[in-house]
Amino acid sequence: DPARFIRVQLTVVVDLLNLDFNLLRRVLPVLQRALTILSCFPDLLFTVAIINVPRFFATFWPIIKGFLDPRTATKFELYANPAKGNQRLLELVSEEELSSDYGGSGPSVAEMVAQEVEVSDVAVATPTRQIVELLTTHRRHGNMASFDFELKADEMASFTVYTNAKTDGANVVLGRCNEKVPLTTIRMTRGDGSGGSKEAGKKHNDNDRHCFKELTEESQPLRGPGQYQISVTLPPGSPHDHFVVLGNVYKYNQS
């Protein structure tokens with residue numbers, strides 16, 4: 001249903017308070033992977049505000065910036081002065097939604113982390129871990145890409161697929177490894193913004209491509225244990241494209 005697709009842009013806030021040199025060196029590989037994913041979706045990102053930037057970070061920034069697509073790099077803003085950083089956040093986020101830690105009237109970060117909401121039989125409302133995979137389709141691989149993952153006996157997961165694909169009609173399949181019958185299949189076709197659908201295989205302009213769709217319903221998450229696979233297939237002849245699969249994994253009560 002094309003009406004289910006929502007065009008979004010993300011505002012990301014990164015707080016480097018108390019970041020030391022040794023920690024930055026350890027997280028650089030993870031940061032590189034995250035920035036690689038962001039560079040595949042430049043139109044999805046509105047801005048990245050990095051606040052409480054320590055002085056030594058200036059040495060690493062040219063290296064980090066080198067991982068970025070040029071369009072993505074222009075969307076990064078660095079603030080060493082806490083007051084200026086908070087002022088910018090108030091321009092990006094409404095005061096009611098911004099945490100009180102950053103000059104807003106919303107709950108503090110500690111309060112948000114401590115808060116637990118009872119959702120169905122999920123023991124902890126916040127994910128215990130996340131599964132993030134960048135899938136890139138190529139003609140030489142049959143316009144298909146996939147990855148495998150495992151859920152333990154006390155785990156359940158929900159997945160969302162993001163793309164700014166140049167071509168409509170991607171089939172996304174979730175199934176158990178070594179089983180032919182899929183558990184879930186979705187087809188990623190976008191509307192034209194007015195409720196109509198666009199023909200599969202038709203190309204779109206850069207401002208009309210980014211979209212996302214849920215692979216699993218909130219009310220019916222995937223439950224472990226098991227080995228699973230998620231695959232993306234584009235129509236024959238499609239150019240290579242990128243898809244990000246984001247999975248939130250929760251613990252649940254088996255009783």
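1. Start with Thr 163. This residue counts as buried, because its relative accessibility is 2%, and the cut-off for buried is under 20%. Thr 163 sits in strand E6, which covers residues 155-163. Its side chain has a polar partner. A polar atom of that side chain lies 3.0 Å from the backbone oxygen of His 242. Keep in mind throughout that this is a predicted model.

2. Now the chain as a whole. It has 255 residues, and 40% of them are buried. The chain contains 5 helices and 12 strands. Take the contacts between residues at least 6 apart in sequence: 79% of these join residues at least 24 apart. The exposed area of the chain is about 14,400 Å². Carbon and sulfur atoms supply 51% of that area.

3. Helix H1 deserves a look of its own. H1 runs over residues 21-40, which makes 20 residues. From first C-alpha to last, the helix reaches 28 Å, close to the 28 Å expected at 1.5 Å a residue. Even so, H1 has a kink of about 45° at Leu 28. The proline Pro 29 follows shortly after the kink. At the N-terminal end, Asp 20 acts as a cap. One of its side-chain oxygens lies 3.3 Å from the backbone nitrogen of Asn 22.

4. Which residues of H1 are buried? They are Leu 24, Leu 28, Leu 35, Ile 37, Ser 39 and Cys 40. Leu 28, where the kink lies, is thus on the buried list. In general, an α-helix has 3.6 residues a turn, so residues three or four places apart point the same way. The cover over the buried residues of H1 includes two helices, H2 (57-65) and H3 (70-73). It also includes the strands E3 (76-79), E4 (129-137) and E12 (241-251).

5. Next, the aromatic rings. The structure holds 6 aromatic pairs. One of them joins Phe 149 and Tyr 228, and this pair is stacked. The ring centres are 5.6 Å apart, with 25° between the planes. The pair links distant parts of the chain: Phe 149 lies in strand E5 (residues 144-151) and Tyr 228 in strand E11 (residues 226-233), 79 residues apart. Both Phe 149 and Tyr 228 are buried. They also belong to one aromatic cluster, together with Phe 147 and Phe 159.

6. Strand E11 also holds Ser 231. Is Ser 231 buried or exposed? Ser 231 is buried, because its relative accessible area is 12%, and buried means under 20%. Leaving aside residues up to four places away in sequence, Ser 231 touches Met 144, Ala 145, Ser 146, Asn 171, Val 172 and Val 173. Leu 174 is 57 residues from Ser 231 along the chain, yet their C-alpha atoms are separated by 6.8 Å.

7. Thr 216 is a loop residue, placed between strand E9 (211-214) and strand E10 (222-223). Thr 216 is nevertheless buried, with a relative accessible area of 6%. What does its side chain reach? It reaches the backbone nitrogen of Phe 159, at 2.7 Å. Phe 159 is also a member of the aromatic cluster. Not counting residues up to four places away in sequence, Thr 216 touches Ala 157, Ser 158, Phe 159 and Leu 174.

8. Some backbone points should be checked by eye. Most residues other than glycine have a negative phi, and most peptide bonds are trans. The bond joining Gly 224 and Pro 225 is a cis peptide bond, with omega about 5°. Pro 225 lies in the loop between E10 and E11.

9. Two asparagines have a positive phi. Asn 143, in the loop between E4 and E5, has a phi of about 55°. Asn 178 has a phi near 70°. Asn 178 lies in the loop between strand E7 (170-176) and strand E8 (184-188). Where do they stand on exposure? Asn 143 counts as buried, because its relative accessibility is 4%. Asn 178 counts as exposed, at 85% relative accessibility.

Terms used
Residues are numbered from 1 along each chain as its sequence is written. This is a predicted model: local features need pLDDT of at least 70, side-chain atom pairs count only at pLDDT 80 or more; totals for chains, interfaces and linings use all residues. Side-chain values use heavy atoms; hydrogens and water are left out. Helices (H or I, at least four residues) and strands (E, at least two) are DSSP runs, numbered from the N terminus. The expected span of a helix is 1.5 Å times one less than its number of residues. The bend at a residue is the angle between axes fitted to the seven residues ending there and the seven starting there. Buried means under 20% relative accessible area, exposed over 50%, partly exposed in between (1.4 Å probe, protein chains only). Contact means heavy atoms within 4.5 Å. A polar contact is a pair of N or O atoms within 3.5 Å; within protein, one must be able to donate a hydrogen and the other to accept it, and residues adjacent in sequence count only if both atoms are side-chain atoms. Accessible areas come from the Shrake-Rupley method with a 1.4 Å probe; for residues, only the protein chains shown count as cover. Rings of Phe, Tyr and Trp (its six-membered ring) pair if their centres lie within 6.5 Å; planes under 30 degrees apart count as stacked, over 60 as edge-to-face and the rest as tilted.
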